[in-house]
Amino acid sequence: MRTIKPKFEEMTNKLNQIRSGIEIVAVTKQVGTVTTQEAVDAGIRHIGENRPEGLKQKKAEVEGDVAWHYIGALQSRKVKEVIDLIDYLHSLDRLSLAKEIQKRASKPVKCFVQVNVSGEDSKSGFSPEEVPAFIEFLKDYDKIQVVGLMTMAPNTEDESLVRTTFKGLKKLQHQIAEKQWQHAPCTELSMGMSNDYLIAAEEGATFVRVGTALVGSESEAQR
């Protein structure tokens, strides 16, 4: 089965050495249905997509007990296409999106509020200061359950900057969780990708989003 299973086992072992219970979301946007099925057959139970087309195709064709994650920016006009197909949304980044989810979802959706901890102009999401008020505002949105927060670290070799970003999200998650809002338990942290998932785990991640380092790319899958 190519190299997915040993990679998954190696990643799992590394994460377990840091802390048990960290979930690996295999980001399959660069591979097709066949490779995605191989990932599920290898024991992966969380699959992440960032395009409605890819999500719909894989949801229809991949067999197995899978939790489906939408991890990319979601346009409001696309909400109706995907919201009832997913278990988790990692990119709740604006009020207009929340309103559309409330309008279109037929069941509650587990959502991560996207936070721009690093303050980079290239990244979407709320500033840390905006997050508490936004989450409190969602109390009457019964189709949205804020299970946690999500961020992306700067693309840099400076590990201290990456670590500081993740620490910032962890601190904010604690602040929200302490409020004990029924609609926002906020116990989870989605942070860390192929190049920094171990750092994220060390700083409290409960979900890491790993793509090419785990499932490769379409060109590799066809070799």
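# Close-up views of the strands, a helix, cores and aromatic pairs

**View 1. Strand β2 is covered on both faces.** In β2 (residues 46-49), His-46 and Gly-48 are buried on one side, and Ile-47 and Glu-49 are buried on the other. Buried means under 20% relative accessible area, exposed means over 50%, and partly exposed lies in between (1.4 Å probe, protein chains only). Strands (E, at least two residues) and helices (H or I, at least four) are DSSP runs, numbered from the N terminus. The model is predicted: local features need pLDDT of at least 70 and side-chain atom pairs pLDDT 80 or more, while totals for chains, interfaces and linings use all residues. Residues are numbered from 1 along each chain as its sequence is written, and side-chain values use heavy atoms, without hydrogens or water.

**View 2. Strand β1 runs parallel to β2.** Two bridges join β1 (residues 23-27) to β2; strands pair if DSSP finds at least two bridges between them. Across this pairing, Ala-26 has Ile-47 as its bridge partner, and Val-27 stands opposite Gly-48. Between the two strands the chain passes through helix α2 (residues 33-41), in a β-α-β crossover that is right-handed (clockwise from the first strand over the helix to the second, with the strands pointing away from the viewer). β1 also pairs with strand β8 (residues 207-210), in the parallel sense and over four bridges. In β8, Arg-209 is the bridge partner of Val-25. Four of the five residues of β1 are buried, and the strand is mostly covered.

**View 3. Strand β3 pairs with β2.** The pairing of β2 with β3 (residues 67-70) is parallel and has four bridges. Ala-67 in β3 stands opposite His-46. The chain goes from β2 to β3 by way of helix α3 (residues 52-61), and this β-α-β crossover is also right-handed.

**View 4. Helix α2 is largely enclosed.** Seven of the nine residues of α2 are buried, so the rest of the structure largely encloses the helix. The buried residues are Thr-33, Thr-35, Thr-36, Gln-37, Glu-38, Ala-39 and Val-40. Gly-43, just after α2, has a positive phi of about 110 degrees.

**View 5. His-46 and its surroundings.** His-46 lies in strand β2 and counts as buried because its relative accessible area is 11%. Its side chain makes a polar contact of 2.8 Å with the side chain of His-69. In a polar contact, N or O atoms lie within 3.5 Å; within protein, one must be able to donate a hydrogen and the other to accept it, and residues adjacent in sequence count only through two side-chain atoms. Leaving out residues up to four places away in sequence, His-46 touches Glu-23, Ile-24, Val-25 and Ala-26, together with Ala-67, His-69 and Phe-207. Contact here means heavy atoms within 4.5 Å.

**View 6. Two separate nonpolar cores.** The largest nonpolar core has 62 residues, and the members that touch the most others are Leu-89, Leu-92, Ile-101, Ile-135, Ile-144, Leu-149 and Leu-214. Helix α7 (residues 159-177) gives the most to this core, five residues. A second core, separate from it, has seven residues, among them Ala-67, Tyr-88, Phe-112 and Val-147. A core is a set of buried Ala, Val, Leu, Ile, Met, Phe, Trp, Tyr and Cys residues joined through side-chain atoms within 4.5 Å. Beyond four places in sequence, Ile-101 is in contact with Val-79, Ile-83, Leu-89, Leu-92, Lys-143 and Ile-144.

**View 7. Aromatic pairs and Tyr-141.** The structure has five aromatic pairs. One of them joins Phe-137 and Tyr-141, which are tilted at 50 degrees between the planes, with 6.0 Å from centre to centre. Rings of Phe, Tyr and Trp (its six-membered ring) pair with centres within 6.5 Å; planes under 30 degrees apart are stacked, over 60 edge-to-face, the rest tilted. Phe-137 is partly exposed at a relative accessible area of 45%, whereas Tyr-141 is buried at 13%. Tyr-141 sits in the loop between α6 (131-137) and β6 (144-150). Apart from neighbours within four places in sequence, Tyr-141 is in contact with Leu-95, Ala-98, Lys-99 and Gln-102. From C-alpha to C-alpha, Tyr-141 and Glu-53 are 27 Å apart in space, and they are 88 residues apart in sequence. Elsewhere, Tyr-88, Phe-112 and Phe-207 form one aromatic cluster.
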